[in-house]
Amino acid sequence: MTREQFRPADHPNEHFILTTVVGSYPKPKWLDRVRTLYHDENADFDDDDWEEATNDASRLITQEHERAGIDVVVDGEMRRTEMVEYFAHRIEGYEFNGPVKVWGHNYFDKPSVVSEVEYDETWLVEEYKYTASVADHPVKVPITGPYTLANWSFNEAYEDEEALSYDLADLVNEEIEKLVEAGARYIQIDEPALATTPDDHAIVGECLERIVADIPEDVRIGLHVCYGDYSRIYPEILDYPVDEFDLELANGDYEQLDVFKSAEFTKDLALGVTDAHVAEVESVEQIKANIKKGLEVVPPEQLVVSPDCGLKLLPREVAYGKMANMVTAAREIEAELDSGELELDWEPVKAD
């Protein structure tokens, strides 16, 4: 299994519940001030200064993840802005015409696809290389998936969203090949649009087939899906060529957990066990109870735990507390499984 390569050499327990994070993390306040300087034409602040600042932030947050005990870390996406905007700036064929209102008083700089999309420059390779160079733990690379890149953009060039999604999937595949060549072994495809437009799950499946084409078997591919009605995409998504499904369930108090008991969960389950939308740190006992919810669906060797979603909108001390308590909870559950204190009545759902 691809998961075992991420077990730490000094892991204290026989059982291993992999801990990771979805991606984004609160940026240091000084980085926002630095970004303002970088975009100020009158400021004495150039590309080299910006690179130094983002490297500093990346190192700081990567090590903060490690201090919390996370097994597989990211740099909190310190160089990134919004999850579509960041990539659209790096793909030929996109342009920006200003922000659009999405809800309440929130605005999104929604891009337009105005010509055939083309791979112009690497997107995340330098980010990965730097993070890996300062990390002692394995590094995961989150990347926005082609369906969300298409669905959250204005399409002014393609016959339909499906055709755009497939061209974008080919570009994502090209980027992942470069990431793998640079040493990445854990790639997470973020497709938040999937569960909100579930009738298109076949399109996402075809996109994933294109994405993983010729990717080595030892590279772990996860799919992060948040929001929406999972019953409209499960169990169909089990056919996707991925190793892991990362699902937001804590925010809904696990009301949709039974969806994943309707058919045997044949992939790894990366379960959201802390709520990224609540600015309070859950107790270790609460997180342990949430982890046990995941053990109702899969055995321990198929379970990964993470926050529900990216943590960037939370106060930084809260984000850190959620991670640290999550790791403590996972290690305690492992120890209880080792000792027999925690016994599971788990049996796979039989296929019809």
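## Cavity, pocket and helices

H4 supplies the largest share of the lining of the largest cavity, three residues. That's a good way into this predicted model, so to speak, from the inside out.

The structure has one cavity of 30 Å³ or more, and the space in the largest cavity comes to about 60 Å³. Two elements give two or more residues to its lining: helix H4 (125-134) and strand S6 (141-144). If you want to click through the whole set, the lining consists of Val74, Asp75, Glu77, Arg80, Glu127, Tyr128, Thr131, Val139, Lys140, Val141 and Pro142. Sorted by class, that's five nonpolar, one polar and five charged residues.

Next up is the second largest pocket, with a volume of about 620 Å³. Its lining runs to 21 residues, and those nearest the centre are Trp50, Thr54, Arg79, Tyr86 and Arg90. H2 is the top contributor here, giving five residues to the lining. At least two residues each come from H1, H2, helix H3 (85-88) and H4. As for chemistry, the pocket lining splits into six nonpolar, six polar and nine charged residues.

Here are the two spaces side by side:

| Space | Volume | Nonpolar lining residues | Polar lining residues | Charged lining residues |
|---|---|---|---|---|
| Largest cavity | about 60 Å³ | five | one | five |
| Second largest pocket | about 620 Å³ | six | six | nine |

H4 turns up in both places: it gives three residues to the cavity lining and at least two to the lining of the second largest pocket.

Now for the helices themselves. H1 and H2, both of which help line that pocket, are also a packed pair to look at: the axes of helix H1 (residues 29-38) and helix H2 (residues 47-68) come within 10 Å and cross at roughly 165 degrees. Angles over 145 degrees count as roughly antiparallel, so H1 is roughly antiparallel to H2. The handedness of the H1 and H2 crossing is left-handed.

Further along the chain sits helix H9, which covers residues 316-339, 24 residues in total. From its first C-alpha to its last, H9 reaches 35 Å, close to the 34 Å expected at 1.5 Å a residue. Right after H9 comes glycine 340, with a positive phi near 90 degrees.

How values were computed
Residues are numbered from 1 along each chain as its sequence is written. This is a predicted model: local features need pLDDT of at least 70, side-chain atom pairs count only at pLDDT 80 or more; totals for chains, interfaces and linings use all residues. Side-chain values use heavy atoms; hydrogens and water are left out. On a 1 Å grid over the protein atoms alone, a cavity is a set of points where a 1.4 Å probe fits but cannot get out, and a pocket is an open set with protein on both sides within 12 Å along at least five of seven lines; lining residues have an atom within 4 Å of a point. Grid points are joined across faces, edges and corners, and a volume is the space filled by probe spheres set on the points. Helices (H or I, at least four residues) and strands (E, at least two) are DSSP runs, numbered from the N terminus. Ala, Val, Leu, Ile, Met, Phe, Trp, Tyr, Cys and Pro count as nonpolar, Asp, Glu, Lys and Arg as charged, and the others, Gly among them, as polar. The expected span of a helix is 1.5 Å times one less than its number of residues. Axes are lines fitted to C-alpha atoms, for helices over the stretch in contact, and angles run from 0 to 180 degrees between N-to-C directions. Angles under 35 degrees count as roughly parallel, over 145 as roughly antiparallel, 65 to 115 as roughly perpendicular and the rest as oblique. A crossing is left-handed if the near helix is turned anticlockwise from the far one by less than a right angle, and right-handed if clockwise.
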